[in-house]
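Please look through the structure below with some patience, and then read the short report that follows it.

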Amino acid sequence: FFVASMQARGLLAGSWATWGRVPGACVSVRGVAAGLRNGDSAWLGRERRRSMVYRQYPFEVSPKERTTNEGPRGTKQITSNVFVTNNVGSKFIMLNRPEVNNALNLEMLEDITDVYFKAYHEQWTRCVVLFGAGDKAFCSGGDVRSLYEAGIHPMDGPPAPQMEFFQDEYVLNQVIKTVPDVTTVALMHGYTMGGGCGLSQHADLRLVTEDVEWAMPECTLGLVPDVGSTFFLNELPDGVGRYLALTGTRLNAKEMMLCKLATHYIAWGQVPWMLERIESIEEHISERTIATTVGLYSENAFHSENPVLVAMEDRLTIHHEAIKQCFLHNTVAEIRAEVIAIKDGGGEHAEWAARTLPQLNAASPTSLAVALECLRRSESFQSLDLCLNMEFGVMRHLMAHPDFFEGVRAHIIDKDKTPNWAPEPSAAQVAAFFEELPEEQRLRLPYLEEWQPLDDDLQVKRVAAAKRKKAEDKIEALKLGSRDGRRMSKR
C-alpha cells in the first residue's frame, strides 16, 4: 500500500472538486468519492482546502517509468510520469506531469501503449480511462521543447531523431482508435491541446468538464495539426475543421458538444462518483455498459436547460455562415481575402473576422499552406491509418524546415512572441512536403498478430519496444483485424 495526499474542495451534487497533484500514487477514487459523499469536513467547503492522508490501492510503476528527484534533506523521491491503477475490469491511466500541463514525452507514450497491450490480453479488462493530474490540464500536447533541442535535420541527411516520438505517438493514436474489446474513456478538463486531442478524440467516450479549453494550435508553432486530426477534423461540416486547424481557436465545453468533438458533458464535481462506479464494475463489461454508467453522471447531448452550458459562449453556431464562407476556399490567400472582406464590410460577423485575421497572420505561412493541403488531401481518406501515414511524412519534412524551430524559440524558449517566419511557399514547395519518405523512414503501424500472450513483464516490454520494427511498412498490407479476422477499425 502507498500513502498519498490530495487536496479537494467543493459542495455535494454538481459542485466543484479540485484534484491536487498526487506526489506518490494515483488518486484513490473510492477515497475521494467516499469523502465527498459522507460530508467529511476535509472535503467540504466552497473556498477551503485541506489535505487528507489515506491508503492507496497498489498500482504498477515499471522501472523505466520512474524518475529520481531530490527530496527534502537530501533524500531521493521516486515519481512517475504515468500512474496506472489496475482494477478488476478496468485500468485508470493518469498523466502525471502537471508542472508542464501533462505534456507527453516519449516514455509516456511507450508506457500508455504498454497498458493497452496488457488490457488487450487480459480477458477481464474491457475499459481504459485516461485523465490528467492536477486541475489545469488533461494534456497540453507533446513536449515540443525536447523536439526543438534535437535540432533541424535536412531531408538528405540521417533520419531525424524527433521521428521516434511521432512514431510512438501515432502508434498510440491508432491503438486507442482500433484496439478491439477495450472501451476508452477520455476525461478532458483544462487545457486539451495538440497531442492531448490525439489521446482523447480517438477514444470511444469523450467527456468534457466545464473548464475545458480545446485547441489545435500547431500552426502558431510552425507545425501542422497531426495526431490523426486530418481524420476527425474533416468530419466537421462546412469548413469548421479547417477553421480550427488554421486559426488554433480554443473551444469550450458547449462548443465541443455542439460540434460532436465531445460525446458527454460532466460536471467536475460528478467525476469522482463516475470513476468509482466504473471501478466497481467487475463482470459483463462492454462498451454499452460503460456508456450507460457514464450516462448516469453526465449528459450525452446538449441540453439548453443546463445553466452551466447555457452561460457559455457559442461562437461556432453564431458565426457558422462566416466560417463556411471563408474556410471552404482551397488556398490560404483566398481564405485571408474573404476574412478581410467580412471585416471591412462591417456586418454581423465583422467582429469575428477582426479576431480571426490576427490568428491567421500570427501563424507560419508554411504551416497554414501545408495544413490546408493536408485537410484537402485527406478528405477522401476512409481510415485513420491513411491520415497518420500522410501526417508522418509531413512531420519529417517539417523537421527539416526552420519554421518549427523559430516558432518554438519565439513562443517557448525566448518568449518574445515575434517569430521570423519563412516566406509564403509556392504550390510546388507545398507539394514537396508530401513526397514519399524512404522505405526505412516511413511510419510503421502495428499488427495485432504481434500482440501475442506473453509470460512476464520483461517480454511485454521487449515486444512493445520491438513492435515498430516488426510491423509491415506498406499501407496496403495494414490489415488491422481482430482475433477472429475482422477489421479492427470500429468505424
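## A buried glutamate, two cores and a helix pair

Glu255 lies in helix 8 (residues 253-258), where helices are DSSP runs of H or I with at least four residues, numbered from the N terminus. The model is predicted, so local features need pLDDT of at least 70 and side-chain atom pairs count only at pLDDT 80 or more, while totals for chains, interfaces and linings use all residues. Residues are numbered from 1 along each chain as its sequence is written, and side-chain values use heavy atoms, with hydrogens and water left out.

Because its relative accessibility is 1%, Glu255 counts as buried, a term that means under 20% relative accessible area with a 1.4 Å probe and protein chains only. Neighbours within four places in sequence aside, Glu255 is in contact (heavy atoms within 4.5 Å) with Arg250, Glu313, Asp314, Arg315 and Leu316.

The largest nonpolar core, a set of buried Ala, Val, Leu, Ile, Met, Phe, Trp, Tyr and Cys residues joined through side-chain atoms within 4.5 Å, has 98 residues, and Tyr116 and Trp214 have the most contacts inside it. Apart from this core lies another of 23 residues, including Phe83 and Ile285.

The axes of helix 13 and helix 14, lines fitted to C-alpha atoms over the stretch in contact, come within 8 Å and cross at roughly 140°. The two helices are therefore oblique to each other, since this angle is neither under 35 degrees, over 145 nor 65 to 115.

| Helix | Range | Residues making the contact |
|---|---|---|
| Helix 13 | residues 320-327 | Ala322, Gln325, Cys326, Phe327 |
| Helix 14 | residues 332-345 | Ile335, Glu338, Val339, Ile342 |

Terms used:
Buried < 20%, exposed > 50% of the residue type's maximum accessible area, 1.4 Å probe, protein only. Axes fitted to C-alpha atoms, helices over the stretch in contact; angles between N-to-C directions.
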